[in-house]
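Q: I would like to learn how to read a protein model, starting from the overall fold and ending with a single helix. Where do we begin?

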Amino acid sequence: MIETAYIKTPLGIAKIEGDEDGLSVISVLDDAEVTTVIPEVLEDAVYQLQEYFSGERTTFSIELNPEGTDFQKKVWNGLLEIPYGKTCSYLELSKVLGDPKAIRAVAAANGKNPLWIIIPCHRVIGSNGSLTGYAGGLHRKKWLLEHESPAKQTSLF
């Protein structure tokens, strides 16, 4: 049975879904009621996400069970190889996956990533360094990249 939890993050409410086979969905919502009791099967995921947001975790060790096509899963596995604090372009990712001409398909699969943050689709940027699209909103993508940046910037404003 799929269990669900809602937790507060600096970027909104994270909706976490999964069962004993692993996490299937993590998405971000602007508003939702926070879960007071976390289902046991989701406790580790909640703990690891909290560590990530507090700056104490750079990798995740959670069983994943996203639904998608074989191609989407291949792209999502490629995303898992992008290290914390690093970015790559859609073209670079397409080349790593073995088909530089598949850039649009790779971008589409990236946009269908069901596991926000855990599968780090936010680390993929345009070839010119632009943030490009992000299902969670560009303001969240910018925050995540700054959060993971090895050189922390202080705001002038």
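A: We begin with the secondary structure: this protein, a predicted model, has five helices and five strands. In sequence order the elements run β-β-β-α-α-β-α-α-β-α.

Q: How does the radius of gyration of the protein relate to what the globule rule gives?

A: The radius of gyration is 16 Å and the globule rule gives 15 Å for 157 residues, so the protein is as compact as a globular protein of that length. The C-alpha trace spans about 45 × 45 × 25 Å along the principal axes.

Q: What do burial and contacts add?

A: Buried residues, those under 20% relative accessible area, make up 43% of the 157 residues. Of the contacts between residues at least 6 apart in sequence, 55% join residues at least 24 apart.

Q: What share of the exposed area do carbon and sulfur atoms supply?

A: They supply 52% of the about 9,100 Å² that the protein exposes. As for charge, there are 15 positive and 21 negative charges, and their mean positions lie 13 Å apart.

Q: Which residues of helix H2 are buried?

A: An α-helix has 3.6 residues a turn, so residues three or four places apart point the same way. In H2, residues 70–79, the buried ones are Gln72, Val75, Trp76, Gly78 and Leu79. Viewed down the axis of H2, these buried residues fall within an arc of 155 degrees, so they line one face of the helix.

Q: What covers the buried residues of H2?

A: The cover includes helix H3 (90–96), helix H4 (103–111) and strand S5 (124–125).

Definitions and conventions:
Residues numbered from 1 in each chain as written. Predicted model: local features only at pLDDT ≥ 70, side-chain atom pairs only at ≥ 80, totals over all residues. Heavy atoms only, no water. Buried < 20%, exposed > 50% of the residue type's maximum accessible area, 1.4 Å probe, protein only. Helix = DSSP H or I, 4+ residues; strand = E, 2+ residues; numbered from the N terminus. Arc of directions from axis to C-beta. Contact = heavy atoms within 4.5 Å. Rg over C-alpha atoms; globule rule 2.2 N^0.38 Å. Areas by Shrake-Rupley, 256 points an atom, 1.4 Å probe, with all protein chains shown as cover. Lys, Arg positive; Asp, Glu negative; His and termini not counted. Charge placed at Lys NZ, Arg CZ, Asp CG, Glu CD.
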